Amino acid sequence: MASQSAASIDNVMHESRVFPPPAEFSAAARVKSLDEYQALWDRAAADPLAFWADLAREELHWFEPFTETLQWNEPFAKWFVGGKTNAAYNCLDKHVAEGRGDRTAILWEGEPGDTRTLTYAELLSEVCKFANVLKSVGVGVGDVVSIYMPMTPELAVAMLACARIGAIHSVIFAGFSAEAIADRNNDAKAKVQLTADGAWRRGKALPLKETVDEALAKSHTVETCIALKRIGEPVAMQDGRDHWWHELMEAASDDCPATPLDSETTLFILYTSGSTGKPKGIRHTTAGYNLYAKKTFQWVFDHRDDDVYWCTADCGWITGHSYLVYGPLAAGAACVMYEGAPNFPAEDRFWDIVEKYKVTTFYTAPTAIRAFIKWGDEHVEKHDLSSLRLLGTVGEGINPAAWLWYHEKIGGGRCPIVDTWWQTETGGIMMSPLPGAIPTKPGSCTKPLPGIMPKIVDPMGDEVGENQGGWLTISHPWPGMLRGIWGDDQRYEEVYWSKTPGMYLAGDNARRDEDGYYWIMGRIDDVLNVSGHRLSTIEIESALVSHPKVAEAAAVGRPDELKGEAVAVFVSLAAGVEATDELRDELKQHVRHEIGALAQPDDIRFTAALPKTRSGKIMRRLLKDIAAGKETVGDTTTLEDYTVLAKLRSDDA
Ligand code: WTA
């Protein structure tokens, strides 16, 4: 409920254990103590523009230097104005030019067990070739390339090839449905579609090309489709539109200098859920994003040259963009990339990979950690995990019990854990321990990174007191921030800036404790966090009401041990339609078809009517309580028809 008073949010977390960084870790770290962190943060806060300008000059390659650090015309930011750079150059050519071309860039492992290693020089050559392929099908600066691919090195190659020539990538997670792809393609006006014949998932081939064919029938701007051969099963190829990746690559030259691009050239759009039905195309640009991803990667993961870094996120999400591709590659890291499921062929696959590649830095999601706990310690104990020195989490809050398990069982009690808070919109990590400097408290993302100035406010915009819940905002622009919502400046202004003028409204509740540590307390809008993925309730509801048998629907989250939140929906049926178990399954399948498997409701309850306010707003808060099996507490005085609530409860019994 967006209107709920933030001050009334209960502070229910009572976790007081503190874990200082191990002395040995701190001694070798980039930032070695709390004092050192504080000095860095203070310096950045005193003069953020000078701070970021210096870093931009040090960390990025400039074909032409920038003349102005920030043009801020709230809420529109332009960073490093007048400069020309290239994100693919910063991730690849820069290392080769500095004599590090032979270093490992990607250590890839396919789900069936096939492997490939690419050095920076080899990755550069692939990227150049594919950039030439894109050019050959008419892609240039500002064209949108839609990517629906498995987690293969070619996915990273595709992203970087776009970056190299100023094309804009829009990566769509390969679990989304044809409908979802078509919506995104149409919104972005995508010109080219990249895909594969299929993807491996738990030993089965997912028919990606088939899904894309269905999507392209409705994506009227897409002229060309390029398919990677991954599975080797026959697929339909449409004459004139479809090409095989390997055939085009065979003919392509690997000579393709990086295009010098204005700092503010759009690098990518990535669709994410908001509190209204239509997914938002979050827009990030070249220089600011690239700098922010690189610098935050170095700080938070305390990157060292001998590290082997593994981020388990898929490139279909922002974590895959910032911390599998742009951040670590700009920092010259050796990155493990894994194609498949964590429990194939068995529940120890991740630990097998950690042992095999001697992973030092491991970054995953709390939902995965909860699954490992459920699967049992024996899968972990089979493997030597002594190479690990640092662990990270992202995507949702981690409950202290899971944190402690992660610390003990995976980290052997010796590895700091970086609980990183950030969003698709922020481009990179905003709050996180710096592992050598900041003592951790299980469940807290601890402190803001240098240059980041969070403020927790009430709905009037006034800062709340210590340990009081409120809206989390950021009070100064930062280089990695989103530049807008693709094609919808008004929505950008409305969603992020209108309620708290002068501050970026993150959409999360938080509190700050007596030590200045931040604790994230969940969303303030109607967004669910299912397995670390954002889903809007309204998206799910629109999918349900598009079914002819449904009159009205409301979706809410209910706490789920494994997924964080499960999707619970309340459906009232069209006149004369009977509520049956078959219909329940049919509706689940329908949502799956409209959005994708990740949005499939866990519970469906049929109800004659939904509880509403007198002005007709569905009272989601009440439904949430019912879904969670809680007594309804709080204010029901605005409820239009009390009998509805009584009926929902008795249906429940
Ligand atoms: C949630 C993922 C608590 C939060 C990078 C945020 C978290 C949303 C954390 C963004 C964390 C992410 N602790 N909550 N460490 N990290 N969130 O855009 O609600 O997929 O607003 O970006 O996830 O999700 P998104």
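Before we start, one term: two residues are in contact when heavy atoms lie within 4.5 Å. Also keep in mind that this is a predicted model.

**Exercise 1.** Leaving aside neighbours within four places in sequence, find which residues Ile540 is in contact with.

*Solution.* Start at Ile540 and skip anything within four places in sequence. What remains is Leu528, Leu535, Ala555, Val567, Val569, Val591, Ile595 and Ala599. Now zoom out: Ile540 belongs to the largest nonpolar core, which has 168 residues. Along with Leu123, Phe130, Leu194, Phe301, Tyr326 and Val571, Ile540 touches the most other members. Helix α6 (residues 153-165) gives the most to this core, namely ten residues. Another core, of 27 residues, lies apart from it and includes Phe350, Trp351, Tyr357 and Leu391.

**Exercise 2.** Trace the open sheet of seven strands and explain why β5 and β20 each have one side without a neighbour in the sheet.

*Solution.* First, write down the order: β5-β4-β17-β16-β18-β19-β20, with mixed pairing. Next, look at the edges: β5 (115-119) and β20 each have a single partner strand, so one side of each is left without a neighbour in the sheet. From one strand to the next, the twist averages 15°. Then check the β20 end, where β19 pairs with β20 in the parallel sense over four bridges. There, Val394 sits opposite Thr420 in β20. Over at β5, helix α5 (residues 120-136) lies across β4 (104-109) and β5, running at about 95° to β5.

**Exercise 3.** Work out what the buried residues of α15 pack against.

*Solution.* Begin with the buried residues of α15 (residues 400-410): Pro400, Ala402, Trp403, Trp405, Tyr406, His407 and Ile410. They pack against helices α12, α13 and α14 and strands β18, β19 and β20. Finally, step just past α15 to Gly412, which takes a positive phi of about 55°.

Conventions: Residues are numbered from 1 along each chain as its sequence is written. This is a predicted model: local features need pLDDT of at least 70, side-chain atom pairs count only at pLDDT 80 or more; totals for chains, interfaces and linings use all residues. Side-chain values use heavy atoms; hydrogens and water are left out. Buried means under 20% relative accessible area, exposed over 50%, partly exposed in between (1.4 Å probe, protein chains only). Helices (H or I, at least four residues) and strands (E, at least two) are DSSP runs, numbered from the N terminus. A nonpolar core is a set of buried Ala, Val, Leu, Ile, Met, Phe, Trp, Tyr and Cys residues joined through side-chain atoms within 4.5 Å. Two strands pair if DSSP finds at least two bridges between them. Axes are lines fitted to C-alpha atoms, for helices over the stretch in contact, and angles run from 0 to 180 degrees between N-to-C directions.
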